[in-house]
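Me: I should like to learn how to read the place where two chains meet. Could you guide me through the terms as they arise?

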Amino acid sequence: MSILSGILRFARRKPLGAFGGAVVIFMITIAVLAPVIVPADPYTHNPSASYEPPSWKYLAGTDVFGRDQLSRIIYGSRVSLFVGFASVIIGTTVGVVIGVTSAYVGGKFDLVVQRFIDTMMGFPGLVVVLVMVVALGPSLLNVTLAIAFNYFDKVIRLSRSSALSVKEEPYVLAAVAIGARTWRILTRYMIPNCLAPVFVLATQQLGAAIVIVASLSFLGLGVQPPTPSWGNMLQSAAKTNMELAPWLSIFPGVALALLTFSFAVFGDALRDVLDPRMRGT
Amino acid sequence: MKAYVAKRILLFVPTLFFASLLIFGAMRVLPGDVAARILSDEDQAYVTQEQYEQLRTSLGLNDPLAVQYGTWIWSMMNGQFGGESLATREPISEMVSRRLRVTALLALYTIIITMIVSIPLGILAAIYQDRWPDYVIRIFTITGNSIPNFWLALMLLLFMVLVLQWSPPLRYRPVWDDPTAHFLKIIWPVLILAWGYTAFMTRITRSNVLEVLRQDYVRTARSKGLHEIVVLGRHVLRNALIPVITVAGFYLSFLLSGSLILENIFSIPGIGQGIIAGARERDYPVIQSLTLLLVFFLLGINLIVDLLYKIIDPRIDFAK
């Protein structure tokens with residue numbers, strides 16, 4: 001009951017954010033149910049239906065092999081969402097543990113962590129991911145790890161700075177005073193109280209991760225065909241004569257832009273609600 | 001002040017050293033080794049152990065890691081930039097001098113357009129907060145932030161071909177050779193990058209102006225009967241625009257990430273195109289050297305911006 005009224009209040013205060021959240025939930029549902037709802041198999045070649053423009057039979061048209069584009073877009077959402085969520089979960093977990101520990105322990109460990117963050121901030125994001133993917137080889141898992149690596153420095157920075165103030169809170173000092181172990185202080189008192197801003201960052205990173213994986217696949221360095229992803233669909237659309245079959249380059253991009261837009265507005269609304277200090281920035 | 005500058009410059013060196021170690025390390029954790037991959041890429045049916053060892057020695061792969069790292073760093077400093085490309089045999093130093101100019105121009109045009117557009121937009125959005133100009137600008141910035149660059153580029157190309165029946169010139173030309181062709185080629189990625197950059201800078205400008213508008217000295221200026229334009233120009237903007245400069249430097253790394261892809265789509269022969277081509281060909285010396293160079297410039301620019309910021313705004317506490 002209270003959850004439902006909370007959602008309703010959020011929707012009234014932040015209609016655009018609620019729209020974003022709804023689109024995200026819709027996309028997740030589609031990705032999970034993909035095998036059940038696709039109109040055709042995304043891998044089956046059908047030479048007689050090559051380059052069919054959008055019609056009632058093929059809502060988003062077909063590609064050179066006659067594969068149904070709508071089905072491929074639906075399957076492609078799985079790649080985007082998997083990489084998005086997996087990289088954010090990995091990056092956030094590792095980042096928060098390092099960031100909060102670094103703030104709490106201080107000393108040499110903290111110094112090394114700070115230098116590391118400074119260095120990482122100097123790299124253009126896509127370059128880090130690119131270098132890692134080249135080193136590890138292009139695959140779904142490696143792309144996910146590379147994106148998580150490119151993001152966890154920001155988590156460290158954010159969680160470290162909030163941990164520095166949480167560290168001085170009376171309840172942490174009280175825990176220290178009664179002789180609680182470091183590990184217990186970190187997991188029970190420090191980390192839970194540093195999570196709100198990190199959570200907001202994570203929502204915003206979801207959109208960024210989805211753009212990065214699409215960009216990499218577009219460059220041929222991400223998810224490899226025939227596995228459909230929005231990025232490699234756009235890549236093959238750009239390689240053939242684009243003006244011959246414009247629907248091939250339009251629809252996967254619309255799906256991509258809609259999802260990143262939704263994550264962006266949802267993240268912004270969440271930030272306004274959870275973190276009033278950053279409102280309006 | 002002096003101590004701060006010295007500290008900031010001293011920090012630059014270990015940060016760069018750390019960056020070079022990361023890049024070098026990433027290039028060495030490859031599954032399989034470089035020589036084997038190069039040989040397997042070439043159309044040779046059979047490779048003798050001798051050829052393989054010869055290649056390893058010529059690539060310097062048989063040296064200890066510390067020696068390899070030292071050789072690479074030394075060549076970065078004396079302008080050799082790690083020898084030559086494995087794929088094209090072009091010396092990397094030539095590649096750098098050719099490509100760096102193009103990317104620098106691309107970034108420069110983008111920054112100029114962004115500054116001209118975003119600062120007035122940000123001010124406008126702040127003055128008309130929560131009224132229709134603010135909403136229009138907000139839609140412009142949200143879309144600029146969330147439409148992926150490379151798809152926007154594809155749509156632009158598609159639009160030009162289908163609707164305008166026109167495409168950008170095939171080859172990139174330097175400004176002085178053929179200004180028209182140069183601008184017609186480079187302006188498209190610049191506009192796309194500038195949209196994303198403007199979106200970001202407009203938001204920052206807006207929130208800074210809003211914050212300054214709430215200050216007591218602005219109320220004082222208004223209450224003593226100054227014209228609104230004087231209040232804005234002399235009291236608000238001067239204070240609001242300083243932080244905008246720092247953030248502009250910070251965004252530069254996003255700008256370069258974007259140009260990495262856009263240079264490819266619009267076939268602009270810059271650093272980004274070089275890195276991607278290197279990544280596709282597994283051209284390790286090229287990726288390694290170009291990446292470090294890019295990081296060097298970014299760190300350098302951030303350092304300069306940071307120092308400028310402290311000089312412009314005397315309120316900053318140097319002890320921090």
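Reply: Let us begin with a definition. A salt bridge is a side-chain nitrogen of Lys or Arg within 4 Å of a carboxyl oxygen of Asp or Glu. Please keep in mind that this is a predicted model.

Me: How many salt bridges does the rule find across the interface of chain A and chain B?

Reply: The rule finds one salt bridge across that interface. Its partners are R203(B) and D268(A), whose side chains meet at 3.4 Å, N to O. Two residue pairs in polar contact are also found across the interface of chain A and chain B, both at pLDDT 80 or more.

Me: Which helices of chain A supply at least two residues each to the side that touches chain B?

Reply: They are α4 (107–122), α5 (125–136), α9 (195–218), α10 (230–239) and α11 (246–274) of chain A. The most comes from α11(A), which gives 13 residues to this side. By class, the side of chain A that touches chain B has 29 nonpolar, nine polar and five charged residues.

Me: What is the area buried between the two chains, and what percentage of it do carbon and sulfur atoms give?

Reply: About 3700 Å² is buried between chain A and chain B, and carbon and sulfur atoms give 80% of that area. In terms of residues, 43 of chain A are in contact with 44 of chain B.

Me: How does one read each chain as a whole?

Reply: One may look at the helices and strands, then at the dimensions. Chain A has 11 helices and zero strands, and its C-alpha trace spans about 75 × 50 × 30 Å along the principal axes. Chain B has 12 helices and zero strands; its C-alpha atoms fill a box of roughly 90 × 60 × 35 Å, taken along the principal axes.

Me: What span should helix α5 of chain B have, and how far apart are its end C-alpha atoms?

Reply: The expected span follows from the number of residues. Because each residue counts for 1.5 Å, the 36 residues of α5 (residues 92–127) of chain B should span 52 Å, and the end C-alpha atoms, 50 Å apart, agree with this.

Me: Where is the kink in α5(B) centred?

Reply: The kink in α5(B) is centred on M115(B) and amounts to about 25 degrees.

Technical notes. Residues numbered from 1 in each chain as written. Chains lettered and ligands numbered in written order. Predicted model: local features only at pLDDT ≥ 70, side-chain atom pairs only at ≥ 80, totals over all residues. Heavy atoms only, no water. Contact = heavy atoms within 4.5 Å. Buried area = accessible area lost by both parts, 1.4 Å probe. Polar contact = N/O pair within 3.5 Å; in protein donor to acceptor, adjacent residues only side chain to side chain. Helix = DSSP H or I, 4+ residues; strand = E, 2+ residues; numbered from the N terminus. Nonpolar A, V, L, I, M, F, W, Y, C, P; charged D, E, K, R; others polar. Expected span 1.5 Å × (residues − 1). Bend = angle between axes of the 7 residues up to and from the residue.
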